[in-house]
Amino acid sequence: MKQSISVVNILALSFVFFLGTLLPILIYFFDDFSFVFEINIIDFLSLLATITLSIVVVYLAKSLDKKDIARNIVVEDLNKLCDIYSENRNILGKLQSKNKNYSLTQARQAINLNFHRADLLIDRINKELEVSFSSFYKKLPAKELSNQTLDYWKWVTDGPFMIGNFTISSAYIKDHETNLCIVHSNINLLIHKLIKSI
Amino acid sequence: MNNEKIIIRSDFSDTPGARYKVDGEFSGEQFYDDLLFPKFEKAQSNNVKLEIDLDGVWGYPSSFVSGSFGKLSIQVGAETVRKVIVFISTESETRVDRIWAEIDNPTKK
């Protein structure tokens, strides 16, 4: 679809160009005008500059448009990553409500699955950055996104929550909220760095 | 001689648990005692690699990673682990990175 749009653009530009060229010729043959064929070099150069600028602006706008689209995709995925981690809050809330149909084992499996989904998304984001923002990606410390989310993964899956006789408490919920906010901040900072780099 | 192999999802579990056996089923400690260390020793003595397939598992808790791979690293040293173990994962590079990060800097608990 995009290819067909650019062909249409080229055809439209070509049509306008030939129309502008042919029209004076047609007028010359069909009317009594006498043309003065002296060319003012400054006017001619201005015309060339105008044509060149109009073409350059069109292509520059298209290029910036592509960068915007790529950036939006990456930012959307980084926000999705925040959402996945936030789902852990809901799981812990469900555990805290002492729902008899929801065990600690189920909560652990659900949270592990969230971290699995998060890691898959981190892989995808890394590939997107490598393809669309390669110079930005190379400037980042190695494994940056993985490192920025490491502490949160360790805090949840290697903390009290994983110990056999764990009982959820308000204190734990508050600590989780703090650690969740920290990982969100780390991810949002990466979004800001990406936007600033463009 | 062929490399030693562990396919975690089929040889152990697709839902690894916590750190110690007392914390529940499929713990890191259980994995270490039943599979990881015996296979590691065998691979090392036969001078072959130990290939560990990580795919098909619904997430690796840090406690499991620490209780198994971290413990191995404390036992034999990170450099030795790196010489013997090869991780296989087509699903996630990040998961492999996290495990190597634990091996290189094991959590002592």
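# Exercises on the interface of chains A and B

The side chain of A:Thr157 comes to 2.8 Å from the backbone nitrogen of B:Ser62, a polar contact in the sense of a pair of N or O atoms within 3.5 Å, where within protein one atom must be able to donate a hydrogen and the other to accept it, and where residues adjacent in sequence count only if both atoms are side-chain atoms. The model is a predicted one, in which local features need pLDDT of at least 70 and side-chain atom pairs count only at pLDDT 80 or more, while totals for chains, interfaces and linings use all residues. Residues are numbered from 1 along each chain as its sequence is written, chains are lettered from A and ligands numbered from 1 in the order in which they are written, and side-chain values use heavy atoms, with hydrogens and water left out.

## Exercise 1

Describe the surroundings of A:Thr157, and state whether the residue is buried or exposed.

*Solution.* Begin with the element: A:Thr157 belongs to helix H5 of chain A, helices (H or I, at least four residues) being DSSP runs numbered from the N terminus. Next take the accessibility, which at a relative accessible area of 1% makes A:Thr157 buried; buried means under 20%, exposed over 50% and partly exposed in between, with a 1.4 Å probe and protein chains only. Finally list the contacts (heavy atoms within 4.5 Å): with neighbours within four places in sequence left aside, A:Thr157 touches A:Asn112, A:Phe115 and A:Met162 in chain A, and B:Pro61, B:Ser62 and B:Ser63 in chain B.

## Exercise 2

Characterise the side of chain B that touches chain A, from its extent to its residue classes.

*Solution.* Count the residues: 26 of chain B are in contact with 21 of chain A. The area buried between the two chains is about 1900 Å², of which 46% comes from carbon and sulfur atoms; buried area here is the accessible area (1.4 Å probe) that two parts lose on being put together, summed over both. In chain B, the residues that lose the most area to chain A are B:Trp58, B:Ser62 and B:Arg98, which together account for 34% of what that side buries.

Turn then to the polar terms, where 14 residue pairs between the chains are in polar contact, both residues being at pLDDT 80 or more. The elements of chain B that give two or more residues to this side are helix H3 (62–76) and helix H5 (93–104), and H5(B) gives the most, with 6 residues. By class, the residues on this side divide into 8 nonpolar, 9 polar and 9 charged, where Ala, Val, Leu, Ile, Met, Phe, Trp, Tyr, Cys and Pro count as nonpolar, Asp, Glu, Lys and Arg as charged, and the others, Gly among them, as polar.

## Exercise 3

How many salt bridges cross the interface of chain B and chain A, and why do the pairs B:Arg98 with A:Asp119 and A:Asp158 with B:Arg19 each join two chains?

*Solution.* The rule asks for a side-chain nitrogen of Lys or Arg within 4 Å of a carboxyl oxygen of Asp or Glu, and it finds 4 salt bridges across this interface; a search of the whole structure finds 20 over all chains.

Consider B:Arg98 and A:Asp119, whose closest N and O atoms are 3.0 Å apart. B:Arg98 lies in helix H5 of chain B and A:Asp119 in helix H3 (residues 104–132) of chain A, so this salt bridge joins two chains. B:Arg98 is buried at a relative accessible area of 3%, and A:Asp119 is likewise buried, at 9%.

Then take A:Asp158 and B:Arg19, with closest N and O atoms 2.7 Å apart. A:Asp158 lies in the loop between helix H5 (144–157) and helix H6 (170–197) of chain A, and B:Arg19 in the loop between helix H1 (8–12) and helix H2 (28–45) of chain B, so this pair too joins two chains. A:Asp158 is buried at 9% relative accessibility, and B:Arg19 is buried at 7%.

A further salt bridge links the side chains of B:Glu102 and A:Lys154 (3.7 Å, N to O).

## Exercise 4

Which residues does B:Ser73 contact beyond its neighbours within four places in sequence?

*Solution.* Locate B:Ser73 in helix H3 of chain B, where it is buried at a relative accessible area of 5%. The contacts sought are B:Ala78, B:Val81, B:Ile103 and B:Pro106. Towards B:Ile103, the side chain of B:Ser73 reaches the backbone oxygen at 2.6 Å.
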